[in-house]
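Please open the structure in your viewer and keep the selection panel at hand. The stops below proceed from one selection to the next.

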Amino acid sequence: GHLERLSIVKNTKEMLSVYFIAGTQDIIEGTLPSILEEALKAGITCFQYREKGQGSLTEFHDKMNMAKICQSLCREYEVPFLINDDVELALKIDADGIHVGQDNQDIQEVIGLFPTKIVGLSCHDQHEIIVANQLEKITYYGIGPVYGTQSKPDAEKPIGIKTLQHLIKEANKPVVAIGGISTENVSDVLATDVDGVSVISAITRTENIRETVKSLQ
Ligand code: TZP
């Protein structure tokens, strides 16, 4: 119903505030669980386990074990735990939701497999948003990359702040911005109507996770 939907949107917007994404390939020093726990203590509002790219775990069991460790940490801090792309893993460990890109699995199929879960979709341009706006069961959009990113070698061309704002206006769901967001540029991103920011390297490569998360808030 209407009220139920409003409360979902409000919770989703809160969840998107400071959204941390990482896999083992993103960790320079220490371990993913130790970095994640510091980030949770500092106040991140969502975590997405994204095991992808050079140096990532390839065996399903290794990935599942790491996912379970991250999931239990997120539960401890009552922060949603999402899985990037891997439908089988997300179902197997009962993650809170899944995030998919345009070139991953058919979005309709993903929605069908996760009827009561969070479903995030990456969008890069107006066409992708217009198409996705027709799908009621998508929870939020990840829009970007806003700036150049070191964390995704196959990332699309950066869209910049102006296009980000245009795309947010087009979107009928909450939006989290992604790509090259740092403590230096976050105020420009938050000057748009975005609901939150998602980052990899801002948190995995900082000297001080607590300070960085505070600045991103
Ligand atoms: N999708 C678009 S950019 C990106 C992803 C997964 C990487 C974001 O990482 P960083 O380090 O915050 O730029």
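Begin with Thr-149 and the ligand: a polar atom in the side chain of Thr-149 lies 2.6 Å from an oxygen atom of the ligand. Please bear in mind throughout that this is a predicted model.

Next, add Ser-201 to the selection. An N or O atom of the Ser-201 side chain is 2.6 Å from a ligand oxygen. Ile-200 should then be displayed with its backbone, since the atom to inspect there is a backbone N or O, which lies 2.9 Å from an oxygen atom of the ligand. How much of the ligand does the protein bury? The ligand taken alone exposes 370 Å², and the protein buries 93% of that area.

Now widen the view to the complete shell. The residues surrounding the ligand are Arg-50, Pro-145, Thr-149, Ser-151, Lys-152, Ile-178, Gly-179, Gly-180, Val-199, Ile-200 and Ser-201. By class, this shell comprises four nonpolar, five polar and two charged residues. If a surface is displayed, note that the ligand occupies the largest pocket.

From the shell, select Pro-145 together with Gly-144. The peptide bond that leads from Gly-144 to Pro-145 is cis, and its omega is near 0°. Pro-145 itself belongs to the loop between β6 (140-143) and α7 (160-170). Pro-145 is also one of the residues that surround the ligand.

Leave the ligand and select Lys-52 and Asp-85. Their side chains form a salt bridge, with an N to O distance of 3.0 Å. Where do the two partners lie in the chain? Lys-52 is in the loop between β2 (46-49) and α3 (60-76), and Asp-85 is in the loop between β3 (81-84) and α4 (87-92), so the pair ties together parts that are 33 residues apart in sequence. In general, side chains of opposite charge can pair when their charged atoms come close. Across the whole structure, a search finds six salt bridges.

The last selection is Glu-78, located in the loop between α3 and β3. What is the sign of phi at Glu-78? The phi of Glu-78 is positive, about 55°, although this residue is not a glycine.

How values were computed:
Residues are numbered from 1 along each chain as its sequence is written. This is a predicted model: local features need pLDDT of at least 70, side-chain atom pairs count only at pLDDT 80 or more; totals for chains, interfaces and linings use all residues. Side-chain values use heavy atoms; hydrogens and water are left out. A residue is near a molecule or strand if one of its heavy atoms lies within 4 Å of it. A polar contact is a pair of N or O atoms within 3.5 Å; within protein, one must be able to donate a hydrogen and the other to accept it, and residues adjacent in sequence count only if both atoms are side-chain atoms. Accessible areas come from the Shrake-Rupley method with a 1.4 Å probe; for residues, only the protein chains shown count as cover. On a 1 Å grid over the protein atoms alone, a cavity is a set of points where a 1.4 Å probe fits but cannot get out, and a pocket is an open set with protein on both sides within 12 Å along at least five of seven lines; lining residues have an atom within 4 Å of a point. A molecule sits in a cavity or pocket if more than half of its atoms lie within 2 Å of its grid points. Ala, Val, Leu, Ile, Met, Phe, Trp, Tyr, Cys and Pro count as nonpolar, Asp, Glu, Lys and Arg as charged, and the others, Gly among them, as polar. A salt bridge is a side-chain nitrogen of Lys or Arg within 4 Å of a carboxyl oxygen of Asp or Glu. Helices (H or I, at least four residues) and strands (E, at least two) are DSSP runs, numbered from the N terminus.
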